[in-house]
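Subject: Structure handover

Dear colleague,

I am passing on the structure that you will be looking after from now on, and below it I have written out what was found. Please keep the two side by side as you read.

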Amino acid sequence: MSDNKQVTRTGTEQEQQRAVLPAVDVFEDAGGITLLADMPGVPKDQLELKLEGDALLIEGSVQQRTPEGLEAVYAEVRVPRYRRSFTLSRELDTARIEANLKDGVLTLRIPKQAHAQPRRIAVTSG
């Protein structure tokens, strides 16, 4: 009997831990990279960005909207939890990451470190 409870609990825990990979576009220019992640329905207070070493983790939960005064007895629609991780190059300056969430799109700007950015070398004559 305890095995059944454990299996049920494990199934529920797995369901709660299940996450959707958000669609992400990454653009690079001379100054750094811009990452655009589609996270519709995720409010700012449910968005979490973590940086551990060279790993960037993006997580966000969609808030389920239930009409006032009603409670779901049965629901087939699962509220998604978004989760995606990236390994960042050491050329990037992770201390200067800028993040913006607007209309369900997370925009991250990660500049390159000064030594990794292209620079023009002046040439003198004589």
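In this predicted model, four strands form an open sheet, and they lie in the order S1-S2-S7-S6 with antiparallel pairing. The edges of the sheet are strand S1, residues 24-29, and strand S6, residues 98-102, each of which pairs on one side only. On average, and with direction ignored, neighbouring strands of this sheet are turned by 15 degrees against each other. As general background, strands of a sheet pair through backbone hydrogen bonds, and they may do so in a parallel or an antiparallel way.

It may help to begin at the S1 edge, where S1 pairs with strand S2, residues 32-38, in the antiparallel sense over six bridges. These two strands form a hairpin, with two residues between them. Two places let you follow the pairing in the viewer: Val24 has Ala37 in S2 as its bridge partner, and Phe27 stands opposite Thr34, which is also in S2.

At the other edge, S6 pairs with strand S7, residues 105-111, again in the antiparallel sense, here over five bridges. Asn100 can serve as a landmark, since its bridge partner in S7 is Thr107. How many of the five residues of S6 are buried? The count is zero, and S6 is accordingly described as hardly covered.

S6 and S7 also form a hairpin with two residues between them, and the loop between these strands contains Asp103. This residue deserves a careful look, as Asp103 has a positive phi of about 55 degrees although it is not a glycine. Is Asp103 buried or exposed? Its relative accessible area is 73%, and because a value over 50% counts as exposed, Asp103 falls into the exposed class.

A residue with the opposite kind of setting is Glu59, whose place is in strand S4, residues 55-61. The relative accessibility of Glu59 is 8%, and because the limit for a buried residue is under 20%, Glu59 counts as buried. Which side chains make polar contacts with the side chain of Glu59? One is the side chain of Arg81, at 3.5 Å, and another is that of Arg83, where the polar contact is 2.9 Å. If residues up to four places away in sequence are not counted, Glu59 touches Met39, Gln46, Leu47, Glu48, Lys50, Arg81, Tyr82 and Arg83, so that both arginines of the polar contacts appear again in this list because they, too, have heavy atoms within 4.5 Å of Glu59.

Finally, some remarks on the chain as a whole, which may help you to place these details. The chain has one helix and seven strands, and, read along the sequence, it follows the pattern α-β-β-β-β-β-β-β. Of its 126 residues, 23% count as buried. The accessible surface of the chain comes to about 10,000 Å², and 47% of that surface belongs to carbon and sulfur atoms. Among the contacts between residues at least 6 apart in sequence, 51% join residues that are at least 24 apart.

With best regards

Note on methods:
Residues numbered from 1 in each chain as written. Predicted model: local features only at pLDDT ≥ 70, side-chain atom pairs only at ≥ 80, totals over all residues. Heavy atoms only, no water. Pairing = 2+ DSSP bridges. Axes fitted to C-alpha atoms, helices over the stretch in contact; angles between N-to-C directions. Buried < 20%, exposed > 50% of the residue type's maximum accessible area, 1.4 Å probe, protein only. Areas by Shrake-Rupley, 256 points an atom, 1.4 Å probe, with all protein chains shown as cover. Polar contact = N/O pair within 3.5 Å; in protein donor to acceptor, adjacent residues only side chain to side chain.
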